[in-house]
Amino acid sequence: MSDPGDVAILQDPLADHEFADWGAIPDMIEGESKTFGRLLHRNADGSSESGIWNCTPGTWRCHVTRDEFCHFLAGECTYTADNGQVIEVRPGTVAFFPEDWKGICEVRETIRKVYMIR
């Protein structure tokens, strides 16, 4: 973004395919999930960011290190929290993961989400 007042916009996030390779998930339990995405905005001090994130099938240990709001656009997965809460994700699911959330993520069909981390 060239000006602090500019708005980061993406008209059709489901049709977008201009993604960077963000690497493999490091804490795999089963499979080999790969991630790719597009950063829409990051504060200069790194205090927050938003973008689009994609992840291929696999199961891994998940630890959310900062509050994260997600709107899932495609795919299917299950998040199972250490406290036993089960979150079934399908297209259209909206979720807020609080800082220090821990659990297992099982992606069955490549997921795509828009996210905001703060």
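## Report on a predicted model

Asp100 counts as partly exposed because its relative accessibility is 45%, which lies between the limits of 20% and 50%. The structure described here is a predicted model. Asp100 is placed in the loop between strand S8 (94–97) and strand S9. Its phi is near 75 degrees, a positive value in a residue other than glycine.

On either side of this loop position stand two aromatic residues, Phe97 and Trp101, that form a pair. The arrangement is edge-to-face, with 5.2 Å centre to centre and 80 degrees between the planes. Phe97 counts as buried because its relative accessibility is 4%, under the limit of 20%. Trp101 is also buried, since its relative accessible area is 9%. The table places these two residues beside Asp100.

| Residue | Relative accessibility | Class |
|---|---|---|
| Phe97 | 4% | buried |
| Trp101 | 9% | buried |
| Asp100 | 45% | partly exposed |

The count of aromatic pairs comes to five. Ring pairs link Phe97 and Trp101 with Phe72 and Tyr79 into a cluster. Another ring, that of Trp53, has the charged end of Lys113 over it, 4.6 Å from the ring centre.

Trp53 also belongs to the surroundings of the largest pocket, whose volume is about 590 Å³. Of the 23 residues that line this pocket, Trp53 is among the closest to the centre, together with Ile25, Cys62, His63 and Glu68. The lining divides into 13 nonpolar, four polar and six charged residues. Which strands each supply at least two residues of this lining? They are S1 (20–24), S4 (49–55), S5 (58–63), S6 (68–81) and S9 (102–117). S5 gives the most, with four residues.

Two of these strands, S1 and S4, also pair with strand S3 (residues 34–42). S1 and S3 run antiparallel and are paired over four bridges. Within this pairing, Ala24 has Lys34 in S3 as its bridge partner. S3 and S4 are likewise antiparallel, and seven bridges join them. Here Phe36 stands opposite Asn54 in S4. S3 and S4 form a hairpin, with six residues between the two strands. In the turn of this hairpin, Gly46 has a positive phi of about 75 degrees.

When these strands are viewed in the structure, one general point is helpful. In a regular strand, side chains alternate between the two faces of the sheet.

Conventions
Residues numbered from 1 in each chain as written. Predicted model: local features only at pLDDT ≥ 70, side-chain atom pairs only at ≥ 80, totals over all residues. Heavy atoms only, no water. 1 Å grid on protein atoms, 1.4 Å probe; cavity = no way out; pocket = protein on both sides within 12 Å on 5 of 7 lines; lining within 4 Å. Points joined across faces, edges and corners; volume = space filled by probe spheres on them. Nonpolar A, V, L, I, M, F, W, Y, C, P; charged D, E, K, R; others polar. Pairing = 2+ DSSP bridges. Buried < 20%, exposed > 50% of the residue type's maximum accessible area, 1.4 Å probe, protein only. Phe/Tyr/Trp six-rings, centres within 6.5 Å; stacked < 30°, edge-to-face > 60°. Lys NZ or Arg CZ within 6 Å of the ring centre and 35° of its normal.
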